[in-house]
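Trainee: Could you take me through one part of this structure up close? I'd like to follow the contacts around one ring and then see where they lead.

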Amino acid sequence: MYPIKEVPVEADALTDWLYQRFVEKEELLNHFYAKGSFPPQDGQKEVASRPMILDPVWLCVVQSIAFASGYAWYSVLQYLYCCLF
């Protein structure tokens, strides 16, 4: 992230700044494609990673809420449709 104070206001300076951000992005992508991970940030010795775990209970709860919400909206719209027509 870059603080807004670092972003130039003038068109030419902004163009150069954006080009440098594009170059940085490409270097990060090249490193990722070559090694399978992004390089460590400044001050880190190695990249900190954590396993991605999907909790099945949490997933069931979220899906249940989504289905209940969908059913509630369906019921409301069906009621409104019946009342209007």
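Mentor: Let's start with a definition: a charge sits over a ring if NZ of Lys or CZ of Arg is within 6 Å of the ring centre and within 35 degrees of the ring normal. Keep in mind as we go that this is a predicted model. Now look at Tyr2. The charged end of Arg21 sits over the Tyr2 ring, and its distance from the ring centre is 4.8 Å. That fits the rule, because the limit is 6 Å.

Stay with Arg21 for a moment, since it has another partner. In general, side chains with opposite charges can pair when their charged atoms come close. Here, Arg21 forms a salt bridge with Glu24, and the closest N and O atoms are 2.6 Å apart. Where do Glu24 and Arg21 sit relative to each other in helix α1? They are 3 residues apart there, so about one helical turn separates them. Glu24 is partly exposed, with a relative accessible area of 30%.

Back to Tyr2, because the rings have their own story. The model has 3 aromatic pairs by the rule used here. One of them joins Tyr2 and Trp17, which meet edge-to-face, with 5.5 Å from centre to centre and 80 degrees between the planes. Tyr2 belongs to the segment before α1 (11-35) while Trp17 is in helix α1, so this pair ties together parts that lie 15 residues apart in sequence. Are these two rings buried or exposed? Tyr2 is partly exposed, at 40% relative accessible area. Trp17 counts as buried, at 17%, because the cut-off for buried is under 20%.

Another of these pairs is made by Phe32 and Tyr33, again edge-to-face, with 5.9 Å between the centres and 65 degrees between the planes. Phe32 is partly exposed, with a relative accessible area of 31%, whereas Tyr33 is exposed at 64%. Follow the rings on from there and you reach Phe38: ring pairs link Phe32, Tyr33 and Phe38 into a cluster.

Phe38 also takes us to the largest pocket, which holds about 340 Å³ of space. Its lining has 13 residues, and the closest to the pocket centre are Leu28, Phe38, Pro39, Pro40 and Gln41. What classes of residue make up that lining? There are 7 nonpolar, 2 polar and 4 charged residues.

Let's go back to the charged pairs. The count of salt bridges is 2. You've met the one between Glu24 and Arg21; Glu26 forms another with Lys25, where the closest N and O atoms are 2.6 Å apart. Glu26 counts as partly exposed at 28% relative accessibility, and Lys25 is partly exposed too, at 37%.

To finish, step back along the chain. Met52 is in the loop between α1 and α2 (56-84), and it counts as exposed at 84% relative accessibility. Between the C-alpha atoms of Met52 and Ser69, which are 17 residues apart along the chain, there are 27 Å. Tyr74 is in helix α2 and counts as exposed at 51%. Its C-alpha atom is separated by 49 Å from that of Lys35, with their positions 39 residues apart along the chain.

Definitions and conventions. Residues numbered from 1 in each chain as written. Predicted model: local features only at pLDDT ≥ 70, side-chain atom pairs only at ≥ 80, totals over all residues. Heavy atoms only, no water. Phe/Tyr/Trp six-rings, centres within 6.5 Å; stacked < 30°, edge-to-face > 60°. Helix = DSSP H or I, 4+ residues; strand = E, 2+ residues; numbered from the N terminus. Buried < 20%, exposed > 50% of the residue type's maximum accessible area, 1.4 Å probe, protein only. 1 Å grid on protein atoms, 1.4 Å probe; cavity = no way out; pocket = protein on both sides within 12 Å on 5 of 7 lines; lining within 4 Å. Points joined across faces, edges and corners; volume = space filled by probe spheres on them. Nonpolar A, V, L, I, M, F, W, Y, C, P; charged D, E, K, R; others polar. Salt bridge = Lys/Arg side-chain N within 4 Å of Asp/Glu carboxyl O.
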